[in-house]
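Here is a short briefing on one molecular model. Look over the sequence and the structure first, then read the points below.

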Amino acid sequence: MNETMPVLSSRVIRVRESPSWQFLRRLWGNHLAVTGFSLLLLILFAAVFAGVLSSYDPLTMIVADRMKSPSATHLMGTDNFGRDIFSRVLHGARLSLEVGAAVMLFTVGAGILFGLLAGYSPRLDGPVMRVMDAMMAFPAILFGIAIMAVLGPKTVNVVIALSVVYAPRTVRIVRASVLATKQLDYVEAVRAQAAGHLRILFRHILPNCLSPLVVQATFNFAYAVLAEASLSFVGAGAPPPTPSWGNILSEGRIYMQNAPWITIFPGVAIALTVLGLNLAGDGLRDILDPRMKT
Amino acid sequence: MIFYLARRLLGVVPVLILVALGSFLLVHLVPGDPAMVMLGSDATPQQIQALRTQMGLDRTLPEQFLIWMRQTLRGDLGESFFLGRPVTQALMERLPATMQLAVLSLFFSLLIGVPAGVLASVRQNSRWDQLVMVTAMGGISIPSFWLGLFLILVFSVRLGWLPSGGYVPIWEEFGPGLRVLILPAISLGFMQAALIARMTRSSMLDVLRQDYVRTAKAKGLGWWRVVLRHALKNAMIPVITTIGTAFGVLLGGAVIVEIVFTYPGLGRLVVLAVQRRDYPLVQGALLLTSVIYVAVNLAVDLLYSVFDPRIKYE
């Protein structure tokens, strides 16, 4: 930050920048992040305006229009029930983004809560982390399927299942940065001023742990989108006929030879969304966590 | 070393107990009565009562856990409701197929990922580097089942080179067994190959900057000898750390890929069990795979010493 008086350079006058403005400027300079966030904005736009962008209802079956290949009337063709794939893919984006965002919020919440507790309190560290180890021992997708089997096929349950599956690694990351941060002199100084534990944790330690957490949150979003698609693909996700990228794909599977468009487009949608999130995550990591720069 | 081994083995015990508790509690989290859910709405009260007794649901939860634990330690995971036979038997029948898929995928991902990562790091910012990084970015974004479907479309349907499904135990007939596994292993392993390539690259870039690599070069050693003998060995440490995790991901991911390739492994069994609400089977599969995961991670930890003698097992 430039604390001196505004300096007149050859052409621009640069006034003191606020940290958030500085962050945005660096974000804008990072090609990975810009590409990633642009892709995500595009998909978000498609999801929000799904009803406007497509003139077809994602659930309406038009038997006369079964298995039509992509054309001007049906941009991505139709499926075996004559439903418009374009409309189904757009509505599927809603589900994917909703599930992804919800899982991201819950895992970050759990990460902050348990990560702070484990990292800050030596007494809780052992028990909390052993539970996290055990949860991480369950193979992710299988664990998700098992939770869905128990809770039943509902979108809310997909969010619960995937949050349980992906929370432990977030807890680990927060804990690791809390452990590193609490050694620092300034935390000692705050403690010497008799600050309460909560104040130390939330005002002084947490802000220092945010960078890896933000990066991890982006990746959690990506994992959740992929996992949601996988769960719907095996029939353990949101119940049909709700359009989800995974179940459109799985329904189109048997017609792949004659009607490959049913499987191609939802797959492209998943890949683009996850790509956008991964690019954004890599970009954020370069900016926020320069030590991790690859 | 023996002390270290003993300590690591002991350290695994609480995790295993928690894993068992988790698998056990999962079925007891079923909203309502598991017996009722399993039998469906047209079951008579007598049938439900009989199943409750059979499952031990009329006892307290800690009691049920202890009984279940005792049986589990004896290798008895209960009876599958729909297969009408012991869960252990059903799982053990399917496990080899899934294990050979997961192991081959891991092998594939290392075989592709490590050289690609080394190439990218040695020629940093070159065309090769860009090619590897872009492919890897694609690799971590493409869902395995989608990749699998397209591999089938291209290599089985169009070209007719490889089978689109089926299963031959690789230890009985190596050639045909391997042929059947190639496409599933690629679809399952591609994402891990991409992750390993990214990790190898960044780890190599760190190591290549270090003084000892410069010293080795200054001594007049050949470039590739420095890279492969001196740098790669150290750069592999973080990569090996992730092999255990990667194996867990592959074991879980196999569920999805098995569906695509109609491959008779654990995955298809589990998906079937989920559809039929066959909880003992789901529970058993979860427990079995996580125990394998814990064991593999333990083995990987112990393997460190081979690569990094600096780690002292005190």
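At what angle do helix α5 (residues 87-122) of chain B and α10(B) pack, and how far apart are their axes? The two helices pack at an angle of about 145°, and their axes are 9 Å apart. Angles run from 0 to 180 degrees between N-to-C directions, and axes are lines fitted to C-alpha atoms, for helices over the stretch in contact. This is a predicted model, in which local features need pLDDT of at least 70, side-chain atom pairs count only at pLDDT 80 or more, and totals for chains, interfaces and linings use all residues. Residues are numbered from 1 along each chain as its sequence is written, while chains are lettered from A and ligands numbered from 1 in the order in which they are written.

**The helix pair**
- Among the residues making the contact (C-beta atoms, placed from the backbone, within 7 Å) are Leu101(B) and Ser105(B) of α5(B), and Phe247(B) and Leu250(B) of α10(B).
- The residues of this contact divide into twelve nonpolar, three polar and no charged. Ala, Val, Leu, Ile, Met, Phe, Trp, Tyr, Cys and Pro count as nonpolar, Asp, Glu, Lys and Arg as charged, and the others, Gly among them, as polar.

**The core**
- The largest nonpolar core (buried Ala, Val, Leu, Ile, Met, Phe, Trp, Tyr and Cys residues joined through C-beta atoms within 7 Å) has 173 residues.
- Its largest share, 19 residues, comes from helix α10 (residues 223-260) of chain B.

**Helix α4 of chain B**
- One of the 13 residues of α4(B) is buried (20 or more other C-beta atoms within 10 Å of its own), so this helix is hardly covered.
- Just after α4(B), Gly75(B) takes a positive phi of about 85°.

Key
A residue is buried if 20 or more other C-beta atoms lie within 10 Å of its own, exposed if 12 or fewer, and partly exposed in between; C-beta atoms are placed from the backbone. Helices (H or I, at least four residues) and strands (E, at least two) are DSSP runs, numbered from the N terminus. Two residues are in contact if their C-beta atoms, placed from the backbone, lie within 7 Å.
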